[in-house]
Amino acid sequence: MVALAIVLDVAFNSGGETVVNAAELAERTGMARRTLEPLLQALSRERLLESTRGPHGGYRLGRPARLIKVSDVITVGLNSLDDSGHDLGGRLHSAVIEPLWSEFDARLLALAESLTIEDLLRRAAKAGLRRLVNEPLNFVI
């Protein structure tokens with residue numbers, strides 16, 4: 001979910017020459033920057049995001065929103081997880097829970113394969129969300 005939140009925020013708030021920096025992203029999502037950084041790097045490595053260094057650096061989409069599948073973002077997020085979870089065992093777990101979880105995964109993946117970041121941007125527009133304009137003020141005297 002965090003990886004998807006990152007990519008959607010970048011897609012929603014960047015464009016043209018505008019990039020989203022990690023501090024803004026952390027503020028909008030309510031997540032700590034140290035939580036976001038490893039995912040930002042992983043998303044950049046997979047070319048889902050493009051990073052720009054420097055004082056005005058930040059992130060923008062690595063390719064058009066219509067070409068980024070939600071499943072691609074989820075895969076990067078899952079691959080970035082720390083696998084130090086619990087190894088459950090037992091007959092019920094192996095006979096019921098594991099097959100059920102595999103079914104959940106398959107259905108979620110099918111849905112995620114059918115959606116793009118552009119689809120999610122349309123959902124944001126339909127919900128009435130508008131991008132904040134951060135352009136400098138221009139006064140003519």
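Biologist: Which residues of H4 and H5 meet in this predicted model?

Modeller: On the H4 side they are Val70, Ser71 and Ile74, and on the H5 side Leu109, Ala112 and Glu113. By class, the residues of this contact are four nonpolar, one polar and one charged.

Biologist: What makes Glu113 the charged one and Ser71 the polar one?

Modeller: Glu is on the list of residues that count as charged, whereas Ser is on neither the nonpolar nor the charged list and therefore counts as polar.

Biologist: Why is H4 called oblique to H5?

Modeller: The axes of H4 (70–79) and H5 (residues 91–114) cross at roughly 130° and come within 6 Å. Angles over 145 degrees count as roughly antiparallel and 65 to 115 as roughly perpendicular. The crossing angle falls in neither range, so H4 is oblique to H5.

Biologist: Why does leucine 36 count as buried?

Modeller: Buried means under 20% relative accessible area. Leucine 36 has 0% relative accessibility, so it counts as buried.

Biologist: Where is leucine 36 found, and what does it touch?

Modeller: Leucine 36 is in helix H3. Leaving aside residues up to four places away in sequence, it touches Val2, Ile6, Ala22, Leu25, Ala26, Thr29 and Met31.

Biologist: How do you know that leucine 36 and alanine 3 are apart in sequence, and what is their distance in space?

Modeller: The two are 33 residues apart in sequence, and their C-alpha atoms are 8.4 Å apart. For the protein as a whole, 65% of the contacts with a separation of 6 or more are between residues 24 or more positions apart.

Biologist: What makes a set of residues a nonpolar core?

Modeller: The residues must be buried, belong to the listed nonpolar types, and be joined through side-chain atoms within 4.5 Å. The largest such core here has 28 residues, and those with the most contacts inside it include Ile6, Leu40, Leu43 and Leu49. Helices H1, H2, H3, H4 and H6 and strand S2 each supply at least two residues of this core.

Biologist: Which residues does leucine 49 touch?

Modeller: Among them are Ile6, Val7, Val10, Leu40, Leu43, Tyr59 and Leu61, with residues up to four places away in sequence not counted.

Biologist: How are the elements of the protein ordered, and how many of its residues are buried?

Modeller: From the N terminus the order is α-α-α-β-β-α-α-α, with six helices and two strands. Buried residues are 29% of the 141 residues.

Methods: Residues numbered from 1 in each chain as written. Predicted model: local features only at pLDDT ≥ 70, side-chain atom pairs only at ≥ 80, totals over all residues. Heavy atoms only, no water. Helix = DSSP H or I, 4+ residues; strand = E, 2+ residues; numbered from the N terminus. Buried < 20%, exposed > 50% of the residue type's maximum accessible area, 1.4 Å probe, protein only. Contact = heavy atoms within 4.5 Å. Axes fitted to C-alpha atoms, helices over the stretch in contact; angles between N-to-C directions. Parallel < 35°, antiparallel > 145°, perpendicular 65-115°, else oblique.
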